[in-house]
Protein chains: 2
Amino acid sequence: MTAVGAAAPRGWLAQGVAAGIKGDGRLDVAAFVTESPAAAAAVFTTNLVRAAPVSISEAHLSDPSARAVVVSSGNANAATGAGGVEVARAMCDAAAAAVGCDPSDVLIAQTGLIGVPLDRDAAVAGAAAAASTATREGGTSAAAAMLTTDTTAKTAEEHVDDGGVGYTVGGTAKGAAMLAPSMATMLAVVTTDASATAPVLEAALLAAMQTSFHAIVVDGSRSTNDTVFLLANGASGGATIDSPAHPGYTPLAAAVESVCCSLARQMIDDAEGATRRMRVTVSGARDDADARKGARAVVTSLLVKCSLAGADPYWGRVLSELGASGMAFDPADASIAYGGHVVCAGGTASTHDTSAVAAHMAGAEVEIGAVVGAGPGTATMWGCDLTHAYVDENMGTS
Amino acid sequence: MTAVGAAAPRGWLAQGVAAGIKGDGRLDVAAFVTESPAAAAAVFTTNLVRAAPVSISEAHLSDPSARAVVVSSGNANAATGAGGVEVARAMCDAAAAAVGCDPSDVLIAQTGLIGVPLDRDAAVAGAAAAASTATREGGTSAAAAMLTTDTTAKTAEEHVDDGGVGYTVGGTAKGAAMLAPSMATMLAVVTTDASATAPVLEAALLAAMQTSFHAIVVDGSRSTNDTVFLLANGASGGATIDSPAHPGYTPLAAAVESVCCSLARQMIDDAEGATRRMRVTVSGARDDADARKGARAVVTSLLVKCSLAGADPYWGRVLSELGASGMAFDPADASIAYGGHVVCAGGTASTHDTSAVAAHMAGAEVEIGAVVGAGPGTATMWGCDLTHAYVDENMGTS
């Protein structure tokens, strides 16, 4: 497939260029352009320290219609003051001029070093070049231009047969791996040629976040730049999905969730220094929110992450993190299983097949299941191990 | 000084013995005994998963008078069910028989592996042996018997001249370094020969916690066993301090805080794999609680810890963690300094003496100061760097 990721749906073009922001000749500015205006929704970081592109994109979404998304890597343009805001705005202006739209119809996301002024000339020229040369085949270079310490490009596509011509949801992302040495910025651009209103896109995106980007943890840090965009240009010619009650909503939301989950999984697999993935499911909690607290505490725990690196099924750490998570439960009712093998029942050690557990721990994905009571609440979160390579990658800026 | 730590005040005896819990011949059961009954107060872990000794000690404190404290290391006796509770109770019984007191006048704390049954015979014999052989000179062996992956024993003493004969506050602790591979259990026994009521001891202990044990973070994990005891036997013969309004309260509270802070500092310096300490002060916050949120986020951050290992003054990470901490502030008002050198002002980079900052970063203690506004709130927290050695120490149980 030559049309990949966010450039896979009809009417979507993309390009990645080397503008000189990274300083080593790698691709560092991407543009995603739609031939016709798209409805747009976004989720931004909740960090009080918000990078310049976050403020600009939020302002541009006061009218939820867009023609292009610009993404640059190598410099987060965060904690860069009024100068940083001006550069981000100038990048939107340049892309708008290239595409032939209003600057307010351009969205922007950036990732990289915090607190370092961004080279205005390079960034603006890059935005103009990427937007003016975007093509159906540019999805690969655009995906590469978003990367920082990621080792692989991250794209996903999902086709939906809606009984008519069908449509595609496509996505491109950069991972929760950190730029040496920035925060765990995650950026994703998800597009579709379905027709949907902005409120519908927002509903689908918020729902998808819970099981995808909100369900992964590398190091628990929230960045100054985290951004996920969802845009629909209607190029498929299908009916406009204008409410969550519309019959087209459920398959659209499912496709968006599928693409987001694929991108999130790719982020975990490419997390800095990670050699093993964990899938933690907490069930039997009072409610889903409580289960999420418990699952998040386990995947975030340094001790559990170190155990995972050592392939050690040390359930005592899992139980202890659940106990400190703020989730309400009675430890005496808790059971914990690795790969389906129960190692703790009723809050204490349980006899189990140690060689089967050892074999499971040695694999690429460890599944930790905790049943904490008889409630209806359940949640699954994804994490990875902590290794020397993570420490090395984050010890310095150079 | 032969009478050290919690055995330094008059009337306090201690002993550490090798009972075989650790399995390698190291000391693993300590007893602290007072010749006359002591008033007692305690702070326990807030983890829902509470080790057996936590439940037993809490129950024994329903009458806040004590004659002995038993501490064992190598096995946390957590997630060990009713059997674990029975072993902890039998250890108290054995110590009580040795001392000649009611079992409810014995307190107990344990640290080590979670979820592994504790050898009853070894543990009970150890408690009896330590309690029956406690002497004025046993403070050193008792301190050693509390250690897990700690590399050094932790003791502190503070003399108070109350105008009379004076009194001593002494403490012995095991660190926030983790037992391979248990949680970051911290245990501390603080004693004095001052005379004070249990409510007064509780007030002094809770106040001291804020600037000592609650102000240090190694990896953010709260253990199943965390316990701090404060006991006063009145052997100095001074007047009983019976209220926080008593003129003797302030010097007693200050001495308790001083001992707790010394022990806490020793824990940070001996944290697993740590090579550098950080002292993070947030000021100008809305209130102290808000400042603590910010300071805690910084010392807990994996990214900041990695920067510290690399001696990298990457203030962008500090600012970003403050922004995600839940503390209310305007990032545009924030300034950040390393060793007093301001590197970020008004939320963006500030010119500074880079060689002076580099020299500061290379030292054993890095001081990070963040001023986040004009409010009265301030807090200081202590942390350490994250290194390969931490990962190695926590990868496996063996």
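How many bridges join strand β10 (residues 335–338) of chain A to β13(A), and is the pairing parallel or antiparallel? The views below take up that question first and then move around this predicted model.

**View 1. The open sheet of chain A is built from 6 strands.**
Following the sheet across, you meet the strands in the order β12-β11-β10-β13-β9-β14, and their pairing is mixed. At the edges sit β12 (348–349) and β14 of chain A, each of which pairs on one side only. Here is the reply to the opening question: β10(A) and β13(A) are antiparallel and share 4 bridges. To find your place in this pair, look for I336(A), which stands opposite A370(A) in β13(A). As general background, strands of a sheet pair through backbone hydrogen bonds, either parallel or antiparallel.

**View 2. Helix α7 (residues 288–300) of chain A lies across strands of the sheet.**
The strands beneath this helix are β9, β13 and β14 of chain A, and α7(A) runs at about 20° to β14(A). With 13 residues, the helix spans 18 Å from its first C-alpha to its last, close to the 18 Å expected at 1.5 Å a residue. Is α7(A) mostly covered or mostly open? It is mostly covered, as 10 of its 13 residues are buried. Among the buried residues are D290(A), R292(A) and R296(A), along with A291(A), G294(A) and V298(A). Their cover includes the strands β9 (277–285), β13 (365–371) and β14 (377–384) of chain A, and also the helices α8 (302–309) and α9 (315–323) of chain A.

**View 3. Strand β1 (residues 12–17) of chain A is largely enclosed by the rest of the structure.**
Why can we say so? Because 6 of the 6 residues of β1(A) are buried. Both faces are covered, with W12(A), A14(A) and G16(A) on one side and L13(A), Q15(A) and V17(A) on the other. The neighbour to look for is strand β2 (residues 29–44) of chain A, which runs antiparallel to β1(A) and is joined to it by 6 bridges. W12(A) has T34(A) as its bridge partner in β2(A).

**View 4. A right-handed β-α-β unit is made by β3(A), helix α2 (residues 81–99) of chain A and β4(A).**
The two strands of the unit, β3 (residues 65–75) and β4 of chain A, pair in the parallel sense over 8 bridges. One of the places to pause is N75(A), whose bridge partner in β4(A) is L113(A). Strand β4 (residues 106–113) of chain A is mostly covered, with 8 of its 8 residues buried.

**View 5. In chain B, an open sheet of 6 strands has mixed pairing.**
Its order is β12-β11-β10-β13-β9-β14. The edge strands are β12 (348–349) and β14 (377–384) of chain B, and each pairs on one side only. Strand β9 (residues 277–285) of chain B meets β14(B) in the antiparallel sense over 8 bridges. Here R279(B) has W382(B) as its bridge partner in β14(B). Helix α10 (residues 354–361) of chain B lies across β10 (335–338), β11 (341–345) and β13 (365–371) of chain B, at about 110° to β11(B).

**View 6. Helix α1 (residues 52–60) of chain B has buried residues that pack against strands and a helix.**
The buried set is A52(B), P53(B), V54(B), I56(B), S57(B) and H60(B). They pack against β2 (29–44), α2 (81–99), β4 (106–113) and β8 (227–232) of chain B. A98(B) sits in helix α2 of chain B. This alanine is buried, with 21 other C-beta atoms within 10 Å. Leaving aside residues up to four places away in sequence, A98(B) touches A128(B), A131(B) and S132(B).

**View 7. Chain B meets chain A.**
How many residues of chain B are in contact with chain A? There are 48, and they contact 48 residues of chain A. The elements giving two or more residues to this side of chain B are α8 (302–309), α9 (315–324), β12 and α11 (388–393) of chain B. The largest share, 8 residues, comes from α9(B). By type, the residues on the side of chain B that touches chain A are 23 nonpolar, 20 polar and 5 charged.

Technical notes:
Residues numbered from 1 in each chain as written. Chains lettered and ligands numbered in written order. Predicted model: local features only at pLDDT ≥ 70, side-chain atom pairs only at ≥ 80, totals over all residues. Buried ≥ 20, exposed ≤ 12 C-beta atoms within 10 Å, placed from the backbone. Pairing = 2+ DSSP bridges. Right-handed = clockwise from strand over helix to strand, strands pointing away. Contact = placed C-beta atoms within 7 Å. Axes fitted to C-alpha atoms, helices over the stretch in contact; angles between N-to-C directions. Nonpolar A, V, L, I, M, F, W, Y, C, P; charged D, E, K, R; others polar. Expected span 1.5 Å × (residues − 1).
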